[in-house]
Amino acid sequence: EKRWYKGDLHVHSNYSDGRQSLKTIFEIIKQKNFDFLFLTDHSIVPTQFYKSEICVIPSTEITFDNLGHINVFGLKDFIDYTAFFREGTFDKKAEIINKILKYEKEQGTLVSINHPFHPETPFMHNIDMENVDLLEIMNSPYYYEDTDYNGEAVKFLDYLWQNGLKIFGTGGSDSHKPLKD
């Protein structure tokens, strides 16, 4: 018998800008019968989690600015961002982001471009998409009537496939606010 596993790929706690504690997050995902969680606080990786039987995969959302956010799933070590800035300048963020993504890919992590067309945090960095595994095409509980930004992400994913880049679509709650049933 096949078993499908459920989880959330994009959750923020009050370690960064989320509005809920780890205890609350774990209580809710337990109620939802989730099997795993990628806790993606902004530019940090918590070293200790609330005690739970739910599998937590070390992850982070790389967030240098509001011109593009990137999730890195399955971290095996901490990302020392300063090592990537030593040779470059902050004005050349795209180069630095490319180096980080290449390094993380070599480490065996999965890299996701998050909410690429979201009105508040669109992805604007000109990076090498060869270092990207996933594109977040379904994201967050926010709704904007004037823009179907999830639909734009699906169109972009299709464009990537049409041009030979096999990047897979994913979704995550991008939860910052308290989760509801």
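Let us start at a single residue: just after helix H1, Asn-33 takes a positive phi of about 60 degrees. The model in front of you is a predicted one, and this spot is a handy place from which to look back along the helix and then outward to the rest of the chain.

Step back into H1 itself, which covers residues 22–31. Five names are worth finding here: Leu-22, Ile-25, Phe-26, Ile-28 and Ile-29 are buried. How are these residues arranged around the helix? Viewed down the axis of H1, the buried residues fall within an arc of 165 degrees, so they line one face of the helix. A general rule helps to picture this: an α-helix has 3.6 residues a turn, so residues three or four places apart point the same way. And what does the buried face of H1 meet? Its buried residues pack against strand S1 (7–11), strand S2 (36–39) and strand S3 (55–56).

Now follow the chain onward from H1 to meet the salt bridges, of which the model has five. Three of them make a pleasant tour. In one, the side chains of Arg-3 and Asp-35 come together, with N and O 2.8 Å apart. This pair links distant parts of the chain, as Arg-3 lies in the segment before S1 and Asp-35 in the loop between H1 and S2, 32 residues apart. Arg-3 is partly exposed, at a relative accessible area of 49%.

Another salt bridge joins the side chains of Lys-93 and Asp-65, at 2.4 Å from N to O. Here too distant parts of the chain are linked: Lys-93 belongs to helix H3 (residues 93–106), while Asp-65 sits in the loop between strand S4 (59–62) and strand S5 (70–73), 28 residues apart. Are these two partners buried or exposed? Lys-93 counts as buried because its relative accessibility is 15%, under the 20% limit for that class. Asp-65 is buried as well, with a relative accessible area of 13%.

Helix H3 also contributes Lys-105, which forms a salt bridge with Asp-133, the closest N and O atoms being 2.7 Å apart. Asp-133 is found in the loop between strand S6 (110–113) and strand S7 (134–139), so this pair again connects distant parts of the chain, 28 residues apart. The two partners fall into separate classes of accessibility: Lys-105 is partly exposed at 30%, whereas Asp-133 is buried at 15%.

Terms used:
Residues numbered from 1 in each chain as written. Predicted model: local features only at pLDDT ≥ 70, side-chain atom pairs only at ≥ 80, totals over all residues. Heavy atoms only, no water. Buried < 20%, exposed > 50% of the residue type's maximum accessible area, 1.4 Å probe, protein only. Helix = DSSP H or I, 4+ residues; strand = E, 2+ residues; numbered from the N terminus. Arc of directions from axis to C-beta. Contact = heavy atoms within 4.5 Å. Salt bridge = Lys/Arg side-chain N within 4 Å of Asp/Glu carboxyl O.
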